[in-house]
Amino acid sequence: MSQTQDGHPSFLQHHFSDVEQQRESAKLGMWLFLVTEILLFGGLFVFYAIYRAWHPEMFINAHTVVNIGMGTTNTIVLITSSVTMALAIRSMQLGKQSQTIWFLVSTLLLAGTFMVVKYFEYAHKFDLGQLPGKFYTFTGIEGTNPHVFFSAYFLMTGLHGIHVLIGMGIIVWLIIKTRAGMFSPQYYTHIEMTGLYWHLVDLIWIFLFPLFYLVG
Amino acid sequence: MNKIPDTHYLNCKKGIKSWLTTVDHKRIGILYLFSIMFFFFVGGMFAVLLRLELLTPNELYISSDTYNQFFTLHGAIMIFLFIIPAIPAILGNFVLPIMIGAKDVAFPRLNLASWYIYIVGALFAVFSLVSGGVDTGWTFYTPYSTTTTTSVISITLGAFILGFSSIFTGLNFIVTVHKLRSPGMTWFKMPLFVWGMYATALIQVLATPVLGITLALLIMERLIGIGIFDPAMGGDPVLFQHFFWFYSHPAVYIMILPGMAIISEMITAHSHKKIFGYKAIAYSSLGIAFASFIVWGHHMFTSGQSELAAMIFSFLTFFVAIPSGIKVFNWVATLYKGSIAFTTPMLYTLAFLFLFSIGGLTGIFLGALSVDIHLHDTYFIVAHFHYVMVGGTVIAFLGGLHHWWPKMWGRMYNETLAKISCGLIFVGFNMTFFTQFIMGANGMPRRYHLYDEMYRPFHAFSTYGSMVMAVGFFLMAYYLIRSLYNGKPAGNNPWGALTYEWAVSSPPPEHNFDDIPITDHGPYDYDKVVAKSTLTEN
């Protein structure tokens, strides 16, 4: 068998025998990557669970100072962005390039909104001294070691926020490449993989939201 | 007379840039070979310096602070920069795709990225080495690691980054094994090396992220005092140990499973006999991978976890012995009535069987609660893990390096010098570490700089052993480097083995295969297939 047979599409890398194999490999690789992400966050969820079990009253008291309104807004914003991301994939499957770009831009704007809301939440907490670890100066929470609550809060939402920012960067790249005509109904792996990543980021938030804002 | 082919992966493209931008899995394996061996040398030098210092009970030439830094750097460099990446990144990268009939790994660019990430992580480790060292031990236990003034952050950040390199290699292998096998290469026709790499890759992907977050939390604890591990901030130092060993126990199987994978290949190739119990060996790799995740508490018998937890962890620890035992018995059974060739790889295989059995059995002692109370934190532990890690993994790695050296470079090394070197390493190793079992059982604590006069003869003997071992390693470096220039051309199949990598030329062509190979026999069907190849007469 020769290295490059005539009629092979240009996006097929030389070490794959067909497009299907290449797509399947990318998908499996992406799922494995998502597993590592879950395990990475898993450590932080364990952190939360253990300290909540040790200081239940402090955690309940600390819940009252987070802004449920902003948290709810952000939840709605992020779930909506997952919908637009899924629609972007569907549009490319149907070969509608401009519609794909439109949905990707919507996803980007929603992600931006999420980060802006997050900024205001963080800024408010910085003003009040509701900070992690030894920077904690707030006095309004009763219970033992309230700084640990904010350590967990900032680490978990912070790491999640970094993931949102990385996702935004990838979406910008996707918009540029989609405009340049890189993708087609036969080849849209990058958009699909970004979609998987984006849904995971969304899913992690869906766990963070009740843990920090709702459970009292 | 064998000839080296005119064009192969080493000379198809020229120049340093072609190496630094290569996506060829074989060239990436070679890049890893040189970088990892460099750190093996650095870590080894620390070991020699440590042994030299321990020649006498009192201070010989370094202070206690320097001594603490030396054993930390020896451990951290050997674990994170040498033994974890060594077999998968060098030998796995080189032979795994060829073994399953693929032209490359599934994600070649990710593969190259993993090498660059390795280099970046290594630079952080080197930075902490020159900026004052680290004295926490390679385990970075809190609360000491959150209070010491040495460069803990840069070395843990280095280990964090190296974790990504390890994850990318593992992820690549899993996808490659699932999706890139050639037609006819079913799961149970895969060479056992591939099975071992696959099991290793599963642990790499599932355990390493936890180390990542643990080290990230340790760094945050040092930077802003988040209060998770530091008792002064309301944290729990034992929680760090749980987090750390949840990764680091599986990690010792990341180290040993690839060694076992190599032994499975070498024992059948050099005894020219079908492997005994193929499926049992394949499944036991997965069994070890699974068991590795449920035994981490046996590192913490004395650190204050509940007695019930300690009992459960002790009980579970014994389970690890079952798949390991299955492997050892199958290897020995493979030798029975085989046509054993006493080549260098075979000598390493036999050394492995001997040393790994001692290392594994002493692990059972340590898994028993009452015995562990007596032996924990003594030289018995040091001897145990060196028997597994050096006597097991490093010996297997060296054997594998000799086994595939002719494939990598197309040339043979000097067989006589190789056997002498193997003998020196084997004897030196036992002198160094068997002594430590006795010392440890008599109560010599690990990591002590100054010790009681009664241990002096043991320490001295151990130090002499390490010198013998060092001579063996330098001899190896000499003849391996020399073989690159004037070794005899090896031919495609110097061992008469049946796996795919021996069907292609030595060194292999750039894209491995001109035609995608089709499997019609198993990898070890020595009884069915008369190997067409020539057994070299050296």
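Two residues are in contact if their C-beta atoms, placed from the backbone, lie within 7 Å. The model is predicted: local features need pLDDT of at least 70, side-chain atom pairs count only at pLDDT 80 or more, and totals for chains, interfaces and linings use all residues. Residues are numbered from 1 along each chain as its sequence is written, and chains are lettered from A and ligands numbered from 1 in the order in which they are written.

**Exercise 1. The contact between the chains**

Task: State how many residues each chain gives to the contact, and describe the side of chain B that touches chain A.

Solution. Step 1: chain B contributes 32 residues and chain A contributes 30 residues. Step 2: on the side of chain B that touches chain A, H6, helix H7 (192–224) and helix H8 (237–269) of chain B each supply at least two residues; helices here are DSSP runs of H or I with at least four residues, strands are runs of E with at least two, and both are numbered from the N terminus. Step 3: H7(B) gives the most to this side, with 9 residues. Step 4: sorted by class, this side of chain B has 21 nonpolar, 7 polar and 4 charged residues. In this sorting Ala, Val, Leu, Ile, Met, Phe, Trp, Tyr, Cys and Pro count as nonpolar, Asp, Glu, Lys and Arg as charged, and the others, Gly among them, as polar.

**Exercise 2. Two helices and their spans**

Task: Compare the expected span with the end-to-end distance for H6(B) and for H5(A).

Solution. Step 1: the expected span of a helix is 1.5 Å times one less than its number of residues. Step 2: helix H6 of chain B (residues 152–179) has 28 residues and should span 40 Å; its end C-alpha atoms are 41 Å apart, which agrees. Step 3: helix H5 of chain A (residues 146–179) has 34 residues and should span 50 Å, and the 49 Å between its end C-alpha atoms agrees. Step 4: just after H5(A), A:Gly181 takes a positive phi of about 80 degrees.

**Exercise 3. The nonpolar core**

Task: Determine whether H6(B) is largely enclosed, and which residues touch the most other members of the largest nonpolar core.

Solution. Step 1: a residue is buried if 20 or more other C-beta atoms, placed from the backbone, lie within 10 Å of its own, exposed if 12 or fewer, and partly exposed in between. Step 2: because 25 of the 28 residues of H6(B) are buried, this helix is largely enclosed by the rest of the structure. Step 3: a nonpolar core is a set of buried Ala, Val, Leu, Ile, Met, Phe, Trp, Tyr and Cys residues joined through C-beta atoms within 7 Å. Step 4: the largest such core has 220 residues, and B:Ile174, B:Val194 and B:Tyr198 touch the most other members. Helix H3 of chain B (residues 64–99) gives the most to this core, with 23 residues. Step 5: leaving aside residues up to four places away in sequence, B:Tyr198 touches B:Phe173, B:Ile174 and B:Val177.

**Exercise 4. The fold of chain A**

Task: Summarise the secondary structure, extent and burial of chain A.

Solution. Step 1: chain A has 6 helices and 0 strands, in the order α-α-α-α-α-α along the sequence. Step 2: its C-alpha trace spans about 70 × 35 × 25 Å along the principal axes. Step 3: of the 216 residues in chain A, 35% are buried. Step 4: among contacts in chain A with a separation of 6 or more, 74% join residues 24 or more positions apart.

**Exercise 5. Backbone exceptions in chain B**

Task: Locate the cis peptide bonds at B:Pro143 and B:Pro507, and the positive phi values of B:Lys337 and B:Asp377.

Solution. Step 1: most residues other than glycine have a negative phi, and most peptide bonds are trans. Step 2: a cis bond joins B:Thr142 and B:Pro143, with omega about 5 degrees; B:Pro143 is in the loop between helix H4 (108–130) and helix H5 (144–147) of chain B. Step 3: another cis bond joins B:Ser506 and B:Pro507, with omega about -10 degrees, and B:Pro507 is in the segment after helix H15 (456–486) of chain B. Step 4: B:Lys337 has a positive phi of about 60 degrees and counts as exposed, with 9 C-beta neighbours inside 10 Å. Step 5: B:Asp377 has phi near 55 degrees and counts as partly exposed, with 14 C-beta neighbours inside 10 Å.
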